[in-house]
Amino acid sequence: MHGEIEEGAVIYDKATGKSRGYGFVTYKHMESAHSALGAPSKLIDGRMAVCNLACEGLTGASTTPDLAQRKLYIGGLSPDVTSEMLLNYFGRHGEIEEGSVAYDKDTNESRGFGFVTYKTIEAAKKAIDDPQKILWGRTIIVKLADTHKGKPVQTQVPAAAVVPLAMPMAPGYPQLGKAHPSATPAGYAYTQPVAPYQASSYSSPAAAPAPYPSQSTIPYASIAAKKDPQGIPPTTPMGMSGYPYYIGK
């Protein structure tokens, strides 16, 4: 419908012989290719197909800086909802660039979700803010496609808003030769209440009798200790056989 085609083919899997979900078309004239790219989303055999230049890859036509704010994830779809029904439902919020229901490759049955990409961010916001999200008797989920993967978004706090808190810290270990000021160690003081001790009403048992009778102390007479003589004895001691006994100095 856009012009004369030079060649084209659908790509099949060599092992299974099934279609891999994409193909290539080459026009004889550049004007025909531009005409086909003017409407990138096309409904083929009940499924929404997307076309772009082959040199840009499978996502070349949609790789724009604001794509993350225009592409929506649609969840909770009924198995009876087709891509055409999905596009007609969300077309009330604005012009749609592309969209389709996700199908299983083996069974060709709906997987219960799909994607819709608007041409403007404002249309995507209207679809998200719409309170009536009921399609084919089911309440559907509409949110940005980048957030349906379950990645948490962390809010960055500016540095000016962060107030440093002073934490009480104990000084370092005492060192030899240096005065170590006393300080309260860091930590928490856990006050534990102690129950008052109640005096027992039982009387103390009587002291057991001594097994042996006590004996009186026996006095002993003091003995004067003799002191050893100091110095050289007054007489020269005699050794064996009458020889004198000499004491070295």
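These legends walk through several close-up views of one predicted protein model.

Before you dive in: residues are numbered from 1 along each chain as its sequence is written. Because the model is predicted, local features need pLDDT of at least 70 and side-chain atom pairs count only at pLDDT 80 or more, while totals for chains, interfaces and linings use all residues; side-chain values use heavy atoms, with hydrogens and water left out.

**View 1. The whole chain has four helices and ten strands.**
Here, helices (H or I, at least four residues) and strands (E, at least two) are DSSP runs, numbered from the N terminus. Walk along the sequence and you meet them in the pattern β-β-α-β-β-α-β-α-β-β-α-β-β-β. Of the 249 residues, 19% are buried; buried means under 20% relative accessible area, exposed means over 50%, and partly exposed is in between (1.4 Å probe, protein chains only). The accessible surface comes to about 21100 Å², and 58% of that belongs to carbon and sulfur atoms. Those areas come from the Shrake-Rupley method with a 1.4 Å probe, and for residues only the protein chains shown count as cover. Now for contacts, meaning heavy atoms within 4.5 Å: among those between residues at least 6 apart in sequence, 52% join residues at least 24 apart.

**View 2. Four strands line up in an open sheet.**
The order is β6-β7-β5-β10, with antiparallel pairing. Two strands pair if DSSP finds at least two bridges between them. At the edges sit β6 and β10 (141–144), each pairing on one side only. From one strand to the next, the twist averages 20°. Strand β5 (residues 71–75) and β10 pair in the antiparallel sense over four bridges, and Ile 74 stands opposite Val 142 in β10. Helix α3 packs on this sheet and touches β5, β6, β7 (110–118) and β10. The direction of α3 makes about 140° with that of β6. For such angles, axes are lines fitted to C-alpha atoms, for helices over the stretch in contact, and the angles run from 0 to 180 degrees between N-to-C directions.

**View 3. Asp 66, Arg 70 and Glu 97 are linked in a network of salt bridges.**
Side chains of opposite charge can pair when their charged atoms come close. The cut-off for a salt bridge is a side-chain nitrogen of Lys or Arg within 4 Å of a carboxyl oxygen of Asp or Glu. A search of the whole structure finds five of them. Arg 70 bridges to Asp 66, with the closest N and O atoms 3.2 Å apart. Arg 70 also bridges to Glu 97, and there the closest N and O atoms are 3.3 Å apart. That second pair links distant parts of the chain: Arg 70 is in helix α2 (residues 67–70) and Glu 97 in strand β6 (residues 96–103), 27 residues apart. How buried or exposed are the three partners? Arg 70 is buried at 3% relative accessible area, Glu 97 is buried at 14%, and Asp 66 is partly exposed at 27%.

**View 4. Arg 92 forms a salt bridge with Asp 130.**
The closest N and O atoms of Arg 92 and Asp 130 are 2.9 Å apart. Arg 92 lies in the loop between α3 (83–90) and β6, and Asp 130 in the loop between α4 (121–129) and β8 (134–135), so the pair ties together parts that are 38 residues apart in sequence. Asp 130 is buried, with a relative accessible area of 13%.

**View 5. Met 1 lies in the segment before β1 (5–12).**
Met 1 is exposed, at 94% relative accessibility. Met 1 and Ser 32 are 31 residues apart in sequence, and their C-alpha atoms are 9.0 Å apart in space.
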